[in-house]
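Open the model in your viewer and keep the selection panel at hand. The stops below go from one selection to the next.

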Amino acid sequence: MDQTIQYERYQRQLILKGFGMAGQQKLQQARVLVVGAGGLGCPVMQYLVAAGVGHIGLADHDKVSLSNLHRQILFGIEDIGLYKVDVVKQKMFSLNSDVDIRTWNERWTQQHCIEFFSEYDVIIDATDNFASRYLINDACVLLGKPLVFGAVSQFDGQVAVFNQLKADGSRSVNYRDLFPLPPANGEVLNCAEGGVLGALPGTIGAMQATEAIKIITGLGQTLSNKLWNYNALTQEVFIMQLVANPVSLQHIPLSVEQFMSTDYEWLCEFPQKGIKEIDQLQWQENYFDHLLVDIREPHELPRLNSFCSSLALEWMELPLSNLENNIACLFGRNVVFVCQAGVRSLMAANMLMKSSPASAVFSLKGGVDGLAEKI
Amino acid sequence: MIEVMFFGQLTDATGVSSVMIEEVTSTDELIQMMKMRYPALASSTYMVALNNTMVTENTIVAPGSKLAFMPPFSGG
């Protein structure tokens with residue numbers, strides 16, 4: 001790399017107090033993953049690439065469409081129908097060819113998180129739906145990555161830095177501390193349904209890029225343990241101090257296995273409200289004659305053998321990972337699903353209800369953990 | 001007096017972006033009061049902040065306090 005050209009390119013930030021060559025080198029060595037190449041992802045990419053972040057990953061399965069252009073201003077009419085990540089990568093090459101950009105033109109899943117998060121220092125959530133947001137948040141908590149969150153709705157935007165490592169070794173709060181469970185499907189309108197002011201994601205995306213640069217260089221104070229709220233109509237900013245929420249822990253997968261078996265699409269489509277959950281008392285009084293199906297994986301303890309035989313319950317073990325392939329054996333049966341804490345059993349209940357509407361299907365609230373004293 | 005502010009699409013549920021309340025003793029009481037006044041709030045997801053700090057449990061509300069109801073956003 002030609003040092004003179006490098007100096008000229010970054011001169012305006014190199015001369016900043018506290019930035020200098022050390023800050024530039026930190027950016028050059030940094031690895032940032034941006035999930036989403038839309039209204040937020042475009043400005044995030046532009047500012048990170050322009051600033052000289054060395055390695056960037058970008059994921060988006062979408063192709064450019066005409067309705068994107070009012071806010072995703074990296075794209076032009078000639079890009080319609082092309083993968084967003086391909087267009088962004090090409091335009092970023094002309095902006096700064098020193099930046100190494102890797103792209104994924106597929107939907108970001110649990111598998112991607114497990115496989116690729118470890119390669120990056122900072123994760124940026126620039127997605128447009130709750131399923132992806134909860135998925136990315138949980139993965140960042142599980143795998144110990146700082147997350148720069150940004151979201152828009154109509155005239156409002158939010159920015160926060162979640163799960164950032166603090167000096168005392170602890171981590172700042174995460175999205176589940178604010179909203180332990182996603183809202184009901186359709187309750188919160190997305191951009192397609194509720195609309196969005198075109199310049200707003202530009203503002204919020206630029207804020208996310210700023211926070212990422214601060215995390216990498218150590219400049220200033222990030223929005224860690226804070227939620228930054230902005231209203232474009234009034235230009236008012238409201239900053240909320242965030243605190244850890246004990247409820248959030250109940251909903252975050254604690255292991256890679258739990259994370260992989262969480263169905264985020266489903267979780268956000270059918271949140272807990274309205275599913276047939278029964279507590280232990282209801283189960284004993286009304287549903288003891290139903291087939292009890294333990295959908296936990298074989299390593300999860302305690303097993304239910306002696307508990308079920310002492311109560312003469314009809315029961316079986318059918319791990320959630322095999323449920324889909326073996327679900328036919330439950331068709332037409334009256335079933336109570338049980339898992340460790342009562343979350344995956346809800347998914348299993350939904351899966352069976354979809355496949356076999358005639359079955360009476362229940363999920364045991366609190367799972368085996370709730371039964372512990374009786375086992 | 002206590003000021004209660006609503007953000008984002010919660011203003012569709014309440015019809016107002018802020019409202020002044022005479023007196024309330026706790027955050028739980030205030031949330032109940034708001035749900036009675038604006039029934040659409042009952043089916044909405046939000047977090048509550050008292051004087052700019054998020055609350056996770058019932059908290060005493062002193063006169064002159066500011067409360068904020070904040071919904072999640074998904075767009076991007």
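The tour begins with the smaller-scale view of single chains and ends at the contact between them.

**Before starting.** The coordinates are a predicted model.

**Stop 1: chain B.** Select chain B and show it as a cartoon. Chain B has 5 strands and 2 helices. Traced from the N terminus, the order of its elements is β-α-β-α-β-β-β. The radius of gyration of chain B is 12 Å, against 11 Å from the globule rule for 76 residues, so chain B is as compact as a globular protein of that length. Aligned on its principal axes, the C-alpha atoms of chain B occupy a box of roughly 35 × 25 × 15 Å.

Now colour chain B by burial. Of its 76 residues, 36% are buried. For contacts within chain B, consider pairs at least 6 apart in sequence: 54% of these join residues at least 24 apart.

**Stop 2: the domains of chain A.** Select residues 3-250 of chain A, which form domain 1, and give residues 274-374, which form domain 2, another colour. The centres of domain 1 and domain 2 of chain A, taken over C-alpha atoms, are separated by 39 Å.

**Stop 3: strand β10 of chain A.** Select residues 291-294 of chain A, which make up β10, together with residues 335-338, which make up β12. β10(A) and β12(A) run parallel and are joined by 4 bridges. Within this pair, A:Val293 stands opposite A:Phe337.

Add residues 315-317 of chain A, strand β11. The pairing of β10(A) with β11(A) is also parallel, over 3 bridges. Here A:Leu292 is the residue opposite A:Trp315. To follow the connection, show residues 305-310 of chain A, helix α13: the chain leaves β10(A), passes through α13 and arrives at β11(A). What is the handedness of this β-α-β crossover? The crossover is right-handed.

With side chains displayed, a general point helps in reading such strands. In a regular strand, side chains alternate between the two faces of the sheet.

**Stop 4: the contact between the chains.** Select the residues of chain A and chain B that touch each other. How many residues does each chain bring to the contact? Chain A gives 36 residues and chain B gives 19 residues. On the chain A side, the elements that supply two or more residues are α6 (130-143), β5 (147-153), β6 (156-162), α8 (191-194) and β8 (236-241). Colour this side of chain A by residue class: 19 of its residues are nonpolar, 13 are polar and 4 are charged.

Methods:
Residues are numbered from 1 along each chain as its sequence is written. Chains are lettered from A and ligands numbered from 1 in the order in which they are written. This is a predicted model: local features need pLDDT of at least 70, side-chain atom pairs count only at pLDDT 80 or more; totals for chains, interfaces and linings use all residues. Two residues are in contact if their C-beta atoms, placed from the backbone, lie within 7 Å. Ala, Val, Leu, Ile, Met, Phe, Trp, Tyr, Cys and Pro count as nonpolar, Asp, Glu, Lys and Arg as charged, and the others, Gly among them, as polar. Domain bounds come from an automatic or database domain assignment. Two strands pair if DSSP finds at least two bridges between them. A crossover is right-handed if, with the strands pointing away from the viewer, the path from the first strand over the helix to the second runs clockwise. The radius of gyration is taken over C-alpha atoms; the globule rule is 2.2 Å times the number of residues to the power 0.38. A residue is buried if 20 or more other C-beta atoms lie within 10 Å of its own, exposed if 12 or fewer, and partly exposed in between; C-beta atoms are placed from the backbone.
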